[in-house]
Amino acid sequence: MAAAPTAAERAAVDDLLGPPESGWEGGQRSRLDGHVAFGGFHAAQRRRHMLLPALHAVQGEIGWLSEGAINYICERLIVPPAEAYGVASFYALLATEERPARVAHVCDDIACRGRGGLRLLEDLGGRDDVRPSPCLGQCDRTPAVFFQNAGAADAVAVAAESEVVVASLGGSAPPERPVTVGAVGQPRLLRRVGVVDPTSLAAYRADGGYRALTRAIQLGGEPVLEEVKASGLRGRGGAAFPMGIKWEAVATASDPTRYVICNADESEPGTFKDRVLMEGDPFALVEAMTITGLTVGAAKGYLYIRAEYPTAHQRMSNAVDAAHAAGLLGADVAGSGRVFDIELRRGAGAYICGEETALMNSIEGYRGEPRNKPPFPTEAGLFAKPTVINNVETLVNVPDIVLEGGAAFAQIGTEQSTGPKLFCLSGAVGRPGTYEVPFGTTLGELIDLAGGVAGNGHLRAVLLGGAAGMFVGPDLLDLRLTFEDAREAGVTLGSGVVMLFDSATDFPDVVRRIAAFFRDESCGQCVPCRVGTVRQQELLARHQQGWGLDRHLLGEIAEVMVDASICGLGHTAASAIRSAEYLGLI
């Protein structure tokens with residue numbers, strides 16, 4: 001007989017999904033009877049997208065996902081238990097075995113491990129409520145710890161000591177620490193961060209907020225789209241795809257049902273700029289998503305935030321609620337007669353969900369595995385409908401483009417790389433933080449803006465683009481930070497990571513950690529990535545043990561992953577490692 005849920009587990013699900021339908025028999029109906037009674041298989045598909053929120057609801061209340069809880073979720077949503085378990089076991093932050101009600105995830109990734117993370121894990125060794133974690137997106141304030149708290153709000157501790165972790169596991173709130181931001185000249189994207197109250201819609205409007213939405217409604221969809229195209233704005237998530245082309249494809253789609261997604265699953269090691277924007281200027285993102293929806297004809301938007309960002313989730317949830325209350329979201333946006341709404345979704349610890357189609361599968365209630373393309377999201381994206389998907393930094397440029405015009409925006413930066421750009425400075429740098437510069441600023445100028453080289457003062461390498469990026473040497477400090485200059489130099493700007501390493505760095509350890517990261521984060525769907533990331537990590541482990549490094553085999557593995565992997569994870573899993581080899585770091 002199938003395991004039954006406890007009363008608390010049942011209540012957690014019912015609080016999210018509403019009370020069971022009349023005549024519900026708690027799983028005693030046959031599966032076929034259930035399908036017939038509650039709307040058939042099409043109705044089941046319409047409910048499937050609530051699977052991940054339901055799993056979150058139970059774990060957030062109980063601390064883990066029991067067999068009975070999963071069974072009850074399956075009955076409510078009409079999802080096969082094997083599929084639900086496959087989803088639950090896919091995510092690192094969902095527990096399918098009983099564990100303590102409070103768990104501390106201590107970052108031991110490349111930014112934190114040499115700056116307190118490994119020491120913190122050693123100090124807390126032996127505790128069953130402490131475990132190592134991949135990057136938590138707090139590389140500017142190392143070492144970082146993420147707390148999952150059953151029955152209470154999750155939390156993050158930064159620049160943490162063992163005493164803080166122990167106290168937080170006992171129920172105390174970790175202390176808050178400010179972020180560091182900087183800019184060349186007057187900032188645009190960061191102008192409200194640390195200046196305007198991020199919890200107040202009134203403060204946002206007093207600082208000029210929602211003027212862009214008013215202007216967009218006055219102009220109408222097609223003129224706004226033309227301004228976006230004229231701006232030359234390219235995506236800031238790594239692919240650098242022209243935003244206007246995406247928008248136009250969805251706006252002109254024959255299917256009237258369309259979606260907007262903001263990809264805030266910022267999981268690239270070394271990246272934290274989107275977190276800073278969501279925590280420090282959440283209403284700007286809500287306004288930008290609303291303008292996007294009205295422009296492309298979408299009535300619904302999804303904001304997908306990584307679970308390790310509890311403060312960002314709370315700030316964004318408050319902003320969405322406040323916009324609703326003010327009539328700026330919903331059935332009549334700002335009195336325009338247009339419909340647009342935003343729903344927040346939390347990830348659950350899966351780097352691969354930063355890939356756009358994996359993210360869509362996650363929202364739909366499936367394992368976060370990438371889809372083959374084509375079709376592309378603009379044709380068949382979320383729920384197989386035309387979908388615009390952009391990340392946080394890309395979208396928050398939209399209000400300024402609407403107010404100032406695309407041509408004015410295009411005057412910032414260079415011809416092929418327009419507008420301002422945010423970079424995440426971490427590692428051996430004087431003032432780790434988020435910095436805004438116009439495209440065309442050199443790497444050396446950016447490092448100087450952030451306080452220069454720290455550590456022992458001798459720069460050995462810079463990691464550009466995060467774990468999926470490349471190491472470069474001090475000889476590239478004159479590199480202009482643009483898409484075109486990076487491409488000519490054979491490197492990538494990626495998501496804006498600039499992580500500095502001094503000459504005392506244990507590079508073999510850093511590279512092994514990068515290899516382990518990709519081994520763990522591969523979704524396993526395709527053989528080249530699933531096997532290649534393991535073999536790559538094994539070769540580096542053998543090298544550590546004194547067997548030497550088979551560079552030829554390492555190169556062959558990288559070539560196969562680039563040529564045959566389904567998505568970008570496999571395409572870039574060897575990039576940093578091969579560049580470290582080229583620079584003689586390993």
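Here is a short chat about helix packing, a cavity and some backbone details in this predicted model.

User: Let's start with α5 and α6. At what angle do these two helices pack?

Analyst: Helix α5 covers residues 67–77, and helix α6 covers residues 81–88. Their axes sit 9 Å apart. The angle at which they pack is about 120 degrees.

User: Is α5 parallel or oblique to α6?

Analyst: Take the angle of about 120 degrees between them. Angles of 65 to 115 degrees count as roughly perpendicular and those over 145 as roughly antiparallel, so this one falls among the rest. That makes α5, relative to α6, oblique.

User: Which residues of α6 make the contact with α5?

Analyst: α5 passes α6 in a right-handed crossing. From α5, the contact uses I70, N71 and C74. By class, the contact has 6 nonpolar, 1 polar and no charged residues. On the α6 side, the residues are P81, A84, Y85 and A88.

User: Now α10 and α14. Are they roughly parallel or roughly antiparallel to each other?

Analyst: Helix α10 spans residues 211–219 and helix α14 spans 282–296, with axes 9 Å apart. They pack at an angle of about 10 degrees. Angles under 35 degrees count as roughly parallel. So α10 and α14 are, relative to each other, roughly parallel.

User: How many charged residues does the contact of α10 with α14 have?

Analyst: On the α10 side you'll find R211, A212, L213, A216 and I217. They meet E287, T290, I291 and L294 of α14. R211 and E287 are in that contact, and Arg and Glu count as charged. Next to 6 nonpolar and 1 polar, the number of charged residues is 2.

User: And α25 with α27: are they roughly parallel or roughly antiparallel?

Analyst: The axes of α25 (residues 551–564) and α27 (residues 575–582) come within 10 Å. They cross at roughly 150 degrees, and angles over 145 count as roughly antiparallel. So for α25 and α27 the word is roughly antiparallel.

User: Is the crossing of α25 and α27 left-handed or right-handed?

Analyst: Here R551, L554, G555 and A558 in α25 meet I577, R578 and E581 in α27. By class, that contact has 3 nonpolar, 1 polar and 3 charged residues. The crossing itself is left-handed.

User: On to empty space. What is the volume of the second largest cavity?

Analyst: The structure holds 3 cavities of 30 Å³ or more. The second largest is lined by I352, P370, S522, C523, G524, Q525, C526, C529, I566, C567 and G570. Its volume is about 60 Å³.

User: How many residues in the lining of the second largest cavity are polar?

Analyst: The lining includes S522, G524, Q525 and G570, and Gly counts as polar here. No charged residues take part, and 7 are nonpolar. The number of polar residues is 4.

User: Which peptide bond is cis with omega near 0 degrees?

Analyst: One cis bond runs from T142 to P143, with omega near -10 degrees; P143 is in the loop between β2 (130–133) and β3 (144–149). Another cis bond leads into P375, which lies in the loop between α16 (356–363) and α17 (377–380). The bond with omega near 0 degrees is P374 to P375.

User: Last one: what is the phi of Y210?

Analyst: Y210 is placed in the loop between α9 (201–206) and α10. Its phi is positive although Y210 is not a glycine. The value is about 75 degrees.

Note on methods. Residues are numbered from 1 along each chain as its sequence is written. This is a predicted model: local features need pLDDT of at least 70, side-chain atom pairs count only at pLDDT 80 or more; totals for chains, interfaces and linings use all residues. Side-chain values use heavy atoms; hydrogens and water are left out. Axes are lines fitted to C-alpha atoms, for helices over the stretch in contact, and angles run from 0 to 180 degrees between N-to-C directions. Helices (H or I, at least four residues) and strands (E, at least two) are DSSP runs, numbered from the N terminus. A crossing is left-handed if the near helix is turned anticlockwise from the far one by less than a right angle, and right-handed if clockwise. Contact means heavy atoms within 4.5 Å. On a 1 Å grid over the protein atoms alone, a cavity is a set of points where a 1.4 Å probe fits but cannot get out, and a pocket is an open set with protein on both sides within 12 Å along at least five of seven lines; lining residues have an atom within 4 Å of a point. Grid points are joined across faces, edges and corners, and a volume is the space filled by probe spheres set on the points.
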